[in-house]
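Welcome! Let us walk through this structure together, starting with its open spaces and then turning to its strands.

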Amino acid sequence: MRLVFMGTPDFAVASLRALHEAGHDIAAVFTRMDTPKNRGMKLLPPPVKVLALEYGIPVYQPKNLRGEDTLETLRALAPDVIVVAAYGRILPQTVLDVPKYGCINVHASLLPKYRGAAPINAAILHGETEAGVTIMKMEAGLDTGDMLLPVSTAVLPNESFGSLHDRLAAIGGEAIVRALEMLARGELHPVPQRDEDATYAPMIAADDCRVSFERPAEQVACQIRAYDPAPGAFCTLGGGKIKLFAASPEEGVQGARPGAILSADKKGVVIACRTGAVRVGEVQAAGGKKMAADAFFRGHSALLQEDFA
RNA sequence: CGCGGGGUAGAGCAGUUCGGUAGCUCGUCGGGCUCAUAACCCGGAGGUCAUGUGGUUCAAAUCCCAUCCCCGCAA
């Protein structure tokens, strides 16, 4: 099957690799432009671009997909299908119409739940016990197309975003390869999404990552795990910003002042919430590296007297 | 040249303002105590203070210069 791949971040890399290793003829890879700004203004290529170049696949990084020249390029590539995985751009109808079999998306949720940009974070944030990947037929709406192949996986207890992300990326790679096999055999059966069951997972805003201990411990723990390891849920301690990682609810704590440090040892620091408490295994203060909470407080013992806020 | 914090013992930090004996908590090793322990007591080992064998100085972790590396913010 001759295809064009569109994707940008690490999640898409797994799919690109799987397709390449399955022997598909990947005529070209479309990805976003190198981000010209980082600390020190470094130009960073998207992960998908790095792998594509490694494979010797032509890479295109158009500013948008509406330009006539881009459309011409796509048509000239004559793909049977376009595979999209976290490309980060809405595909206009003109692009959707190019391939014979249309455009197929690898989406990291069990649709119709969590349409949108940050489905994996949303699954953790909402305490889901099941997550997954849905291979879907793309249409003009945002993740609204017919479902072709859903694959689910259990969310482990206290699992963080990073771990689930990597697993779903791998599952996505396997699923898209399988879906293309089924497509070739005419075995794919589109199933419409029930729009009334749909929920959205919008892009993560900086404020989403701010932790408030004036909430139940379960929610606090989910929030911390939803942004672990990146971008990192944060709060303040002793006037400084501090990120929190490796969180789990702590049993048997009640009535403590929210934000108070109840204990700190090798297993982490226990912080009181509105109801219950959370145990945080790792922290990272501004300017510092991520480290075990135990190690952090060994060098900042005065902060043990402060409250998280 | 986007803004900013940092590099000191295996880990985390203090010391740098105002140059003058290398410190703290933990780990580690040895010993003691204990029914026992991640507890407690005593003792020891372990550091070219990121690099330049750079500059200033009688003397630099500390002041000056250059370089490398790590991280937060912003995008």
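On a 1 Å grid over the protein atoms alone, a pocket is an open set of points where a 1.4 Å probe fits, with protein on both sides within 12 Å along at least five of seven lines, and lining residues have an atom within 4 Å of a point. Grid points are joined across faces, edges and corners, and a volume is the space filled by probe spheres set on the points. This is a predicted model, in which local features need pLDDT of at least 70 and side-chain atom pairs count only at pLDDT 80 or more, while totals for chains, interfaces and linings use all residues. Residues are numbered from 1 along each chain as its sequence is written.

The second largest pocket fills about 180 Å³. Its lining counts 14 residues, and Glu128, Leu156, Pro157, Asn158 and Arg225 lie closest to the centre. Helix 7 (217–226) gives the largest share of this lining, three residues; helices here are DSSP runs of H or I with at least four residues, and strands are E runs of at least two, numbered from the N terminus.

The largest pocket has a volume of about 1,300 Å³. Among its 45 lining residues, Pro9, Ala86, Tyr87, Gly88 and Ala117 are the closest to its centre.

Now look at strand 6 (residues 130–137). Six of its eight residues are buried (under 20% relative accessible area, 1.4 Å probe, protein chains only), so strand 6 is largely enclosed by the rest of the structure. Strand 6 pairs antiparallel with strand 5 (residues 103–107) over four bridges, pairing being called when DSSP finds at least two bridges between two strands. Here His107 faces Thr134.

Note on methods: Chains lettered and ligands numbered in written order. Heavy atoms only, no water. Buried < 20%, exposed > 50% of the residue type's maximum accessible area, 1.4 Å probe, protein only.
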